[in-house]
Each structure stands twice: as structure tokens, then as C-alpha cells.
Amino acid sequence: MAKLVLNVALPAFKYKAMYAGAAKNLVASSLDGRKVQLPLSAFQSFVTHQGIHGLFEVEFDSRNKLVGVTKLR
């Protein structure tokens, strides 16, 4: 299984706009420079009053389908 590490910094006001329907995906760059587009819903459990912030490990299966997201810090 493939894994990427992402540093996500999405302020609450941007998350709220995305959640309201302006966008359904989060586009981020991994620490090794690869760009990835993920469903915003994959990060829903990590939302705080400040938005989504932290270092996340994203795991994909052999078909590059999202398996899960884990917060590292």
C-alpha cells in the first residue's frame, strides 16, 4: 500500500466555505512534492474550531483508492 505524508493547514473559514458546497475536495502537496486531491470528507474527523491543521499520513490501496487518513501530529 502506498502512503503519503501531508502537512495540512486549512483555516476554519475556508473549511466552512468548502463544506457549504463551494468545493468537495482538498488539494495538497505531500512532503515529497507530489500533489494529491482528496475528498474533504476524509478529514472531517480532524476538524476543530481552527479548521484542519497538522501532519497527516494518507494511505492508498494498490488501485490508488483512499484507504484512510491518520493524524501524525
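How many bridges join strand S4 to S5, and in which direction do the two strands run relative to each other? In this predicted model, 5 bridges join strand S4, which covers residues 51–60, to strand S5, and the two run antiparallel. The chain as a whole has 1 helix and 5 strands, and from the N terminus on its elements follow the order β-α-β-β-β-β.

**The sheet and the helix**

- Strands S1, S4 and S5 form an open sheet of 3 strands, in the order S1-S4-S5, and the pairing within this sheet is antiparallel.
- The edges of the sheet are strand S1 (2–11) and strand S5 (66–71), each of which pairs on one side only, while the twist from one strand to the next averages 30°.
- Where S4 meets S5, one residue pair can be picked out by name: Phe60 has Leu66, in S5, as its bridge partner.
- Helix H1, made of residues 12–22, packs on the sheet and touches both S1 and S4, and its direction makes about 105° with the direction of S1.

**The nonpolar core**

- The largest nonpolar core contains 18 residues, and those with the most contacts inside it are Leu6, Val8, Leu10, Phe43 and Ile52.
- Two or more residues of this core come from each of S1, H1, strand S2 (25–29), strand S3 (35–39) and S4.
- Leu6, leaving aside residues up to four places away in sequence, touches ten residues that can be listed in full: Ala28, Ser29, Ser30, Val36, Leu38, Phe43, Gly54, Leu55, Phe56 and Val58.

**Tyr15, a residue of the helix**

- Tyr15 is found in helix H1, and it counts as buried because its relative accessible area of 11% lies under the 20% cut-off.
- Not counting residues up to four places away in sequence, Tyr15 touches Leu10, Leu40, Gln44, Val47 and Ile52.
- Although Tyr15 and Ile52 are 37 residues apart along the chain, their C-alpha atoms are separated by 7.7 Å.

**The chain as a whole**

- The radius of gyration of the chain is 12 Å, close to the 11 Å that the globule rule gives for 73 residues, so the chain is as compact as a globular protein of that length.
- Taken along the principal axes, the C-alpha atoms fill a box of roughly 35 × 25 × 20 Å.
- Among contacts in the chain with a separation of 6 or more, 52% are between residues 24 or more positions apart.
- Of the 73 residues, 30% count as buried, and the chain exposes about 5,000 Å², of which carbon and sulfur atoms supply 52%.

Definitions and conventions: Residues numbered from 1 in each chain as written. Predicted model: local features only at pLDDT ≥ 70, side-chain atom pairs only at ≥ 80, totals over all residues. Heavy atoms only, no water. Pairing = 2+ DSSP bridges. Helix = DSSP H or I, 4+ residues; strand = E, 2+ residues; numbered from the N terminus. Axes fitted to C-alpha atoms, helices over the stretch in contact; angles between N-to-C directions. Contact = heavy atoms within 4.5 Å. Core = buried A, V, L, I, M, F, W, Y, C linked by side-chain atoms within 4.5 Å. Buried < 20%, exposed > 50% of the residue type's maximum accessible area, 1.4 Å probe, protein only. Rg over C-alpha atoms; globule rule 2.2 N^0.38 Å. Areas by Shrake-Rupley, 256 points an atom, 1.4 Å probe, with all protein chains shown as cover.
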